[in-house]
Amino acid sequence: MKNNNKYLFTEIALTVFHILISLSIFAIPLCVNEMINGRIAFSTSVVFFIIMLMFLEIILQLVYTVMEQHLMKNCKIHLSKQIYHKIFSMKYSSLIQYGTTYLVERADAAVLTFSNLTIRSIPVLTSEIIIIVLILIYALSINVVMFLLMSFILVLNVVGFYFLNKSLLKKTEEMQRIIPKERKDIYQIAGQIDFIKQNDDNGRLDHILEEHLKTIEVFTMKVNMFAGGMSGLINFFNMFAQNIILIFLFYLFLQGRTELNGIFTVSILLSYFLPAIMSIVSVNLDLREIKASRDFMKLLEDNQENSGDIVIHKIDEIRIDMDKLCTVDGLVLANKIHMTAKKGEVIGIIGESGCGKTTLMKSVLKFWEQNQGVYIDNIPLERLDNSAYRNRISFYSQNVPIITGSLYDSLNFGRPDLGQEVYEKLEFLDKFKRNGSIAETEILENGNNLSGGDKQRIALARLYTEDVDVLILDEPTSSLDEKTEEKILEMALRQKDKIIFLITHRKDNLKYCNKVYQFTDKGVQKL
C-alpha cells in the first residue's frame, strides 16, 4: 500500500483540533483550582470565561466531527479504488482461486482499517499522549508518590493491552481469512434464487447454512469473549487504582501535606487521565488489524498478473503455436495447436464441451499465463502491455456481465456514454425500444428481470459499439431465436476490419466462417 502523503496535512489538522479540544477541557479544572488557591479572584468575568471555554470545547468538537467524517468519506473512497484496482489486476487464476466475494470483503476490512489509522488513530494517539504527559507533570508537582501511582497505572495498561493485542492479532488474522470465506459461501447459496424458489421446503438448506453460520458465530464469540474478558479485567483494575489514588490524596490532606483543592483537581484530572489511556488502548486495539490488512495487501501484490512493456495500438494477425493447452492445475486439454487469424477473417471453433475452446480463447486474452505460444503480429503475447493489448479486444463470455441499475448502465458498463443513437442503430435491441428510442428499463440484481436472450442482446451491444480489432464470441447466440441470431452474425461478417473468433455448437453458424478448427481427441484440426 502506497503511503498517502496527501493525507499528511489532514492528520496534522485533525491532531491540532484534537489537542485544542483536550486542552480546553484540561483548562477548566485548572482555572477552578486557581480560584480555590486564591490566585484568581472569583468574579463574574471568570465564571463567564469558564463558560466560554465550555462552549469553545463544544464548537471545536462539532468542527472536528464534521471534518473527520468528511475526510473519512474521501479517504475510504480513495483507498477503496486503490485496492479494487489491485484486485482487478490480479492473475486470473488467483481471482478464480480466492473468489471475488472473499476479496471484496477483505478489501472492505482493509479500507476501514487503513482509513481509521489515517483519519482517527494518529490524531487521537498524538493528542491523548500530550494530555497524559501534562497530567503526569501536574501530578509530580503535587506529590512524587502520586506521580508514581499514576505512572504505574499507565504502564500497567500499556503492558496489559500489549499482551492482549498480541493474542488478538493472531485471532484477527484468522478471522479475516475465515469469515469472508464463509460469507462467500452463504452469498452463493442465497444467490440461487430459481433453485430456492422451486423447492417445496427450503428447510433442506438449513444444515448447509448452519455449518457456515456456526463457524462465523462461534469464532466471533470466542474472540469477543477473550477481548471483552481481558478488557473488563483491566478496566476493573483502573477503577480500583483510581480509588486508591483518591484515598491516598485524602490521607495526604489529613496529614496536612496537601490542600483540599489538590484533591479536587486530581479527581477532575483522573476523569481525563483514565479515558485518555483507554483512548490510546482503543486505538491500539484497532491497530491490531493493521498487520492482517497488510498481509492482505501483500497477497494482492504477490498475485498481480505479469505485463510486458510493448504497447500496441492495433492487431492485424494472431498466430497460435502451442505444444499443449493446459488448465491451471496442469490438466492437458489439447496438444499441437496451430492457428492463424488475420484481419477480416471469421474463425470458427467447435468441439465437445470441456475440450478447451474457451480456455484457448482466454489464453489469447492473456488470462491463463501457463499457456504460451500466442503471437500478436509476430510478437510473443508475454511481451505485450496488458492494458493496451486488451483494449484492442472484446470478449463475449458465457457469463454475461449485467449490473444493477438502468439499461444504459449495463450497456455502457463504465464506458463513456455513447449516446442513444448508437444503440438505436442495433436492430437486435428492438425489444428494448419504445417509439424508436431505447426505453428507460431498470435492471434488478443479476438481471433477474431479464431473460437469457435479453442479457445476450445487452452484452452483444457492447461488442458492436467498441472500437476494437478482435472480437471473441463464446456461444454468443445460444439463448436467441434463429432470426435474431442470423442478424447478429451477419453484422459480425460486415465488420471486415476485425478478427473474429466464433465458438459455437451450432454447425449452421459455420457458414459465416472463413476457417474452422475442431477440437478432437487427437488435437486441434483445421477443417
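Which element gives the most to the lining of the second largest pocket? Some notes on that and on the other pocket, keeping in mind that this is a predicted model.

1. To take the opening question straight away: it's α4, which puts four residues into the lining of the second largest pocket. The helix itself runs over 100–142.

2. The second largest pocket holds about 950 Å³ of space. It has 20 lining residues, and if you want to find its centre, look for Ile87, Phe88, Leu95, Thr100 and Leu103, which are the closest to it. Besides α4, the elements giving two or more residues here are α2 (44–88), α3 (92–98), α5 and α10.

3. As for chemistry, the lining of the second largest pocket splits into 10 nonpolar, seven polar and three charged residues.

4. Now the largest pocket, with about 1,700 Å³ of space. Its lining runs to 41 residues, and those nearest the centre are Asn399, Val400, Pro401, Phe413 and Arg462. Two or more lining residues come from each of α5 (144–190), α10 (386–390), β6 (393–396) and α13 (452–463).

5. In the largest pocket the top contributor is α13, with six residues in the lining. Sorted by class, that lining has 17 nonpolar, 15 polar and nine charged residues.

6. One thing worth a look on screen: α5 and α10 turn up in both lists, giving two or more residues to the lining of the largest pocket and also two or more to that of the second largest.

How values were computed: Residues are numbered from 1 along each chain as its sequence is written. This is a predicted model: local features need pLDDT of at least 70, side-chain atom pairs count only at pLDDT 80 or more; totals for chains, interfaces and linings use all residues. Side-chain values use heavy atoms; hydrogens and water are left out. On a 1 Å grid over the protein atoms alone, a cavity is a set of points where a 1.4 Å probe fits but cannot get out, and a pocket is an open set with protein on both sides within 12 Å along at least five of seven lines; lining residues have an atom within 4 Å of a point. Grid points are joined across faces, edges and corners, and a volume is the space filled by probe spheres set on the points. Ala, Val, Leu, Ile, Met, Phe, Trp, Tyr, Cys and Pro count as nonpolar, Asp, Glu, Lys and Arg as charged, and the others, Gly among them, as polar.
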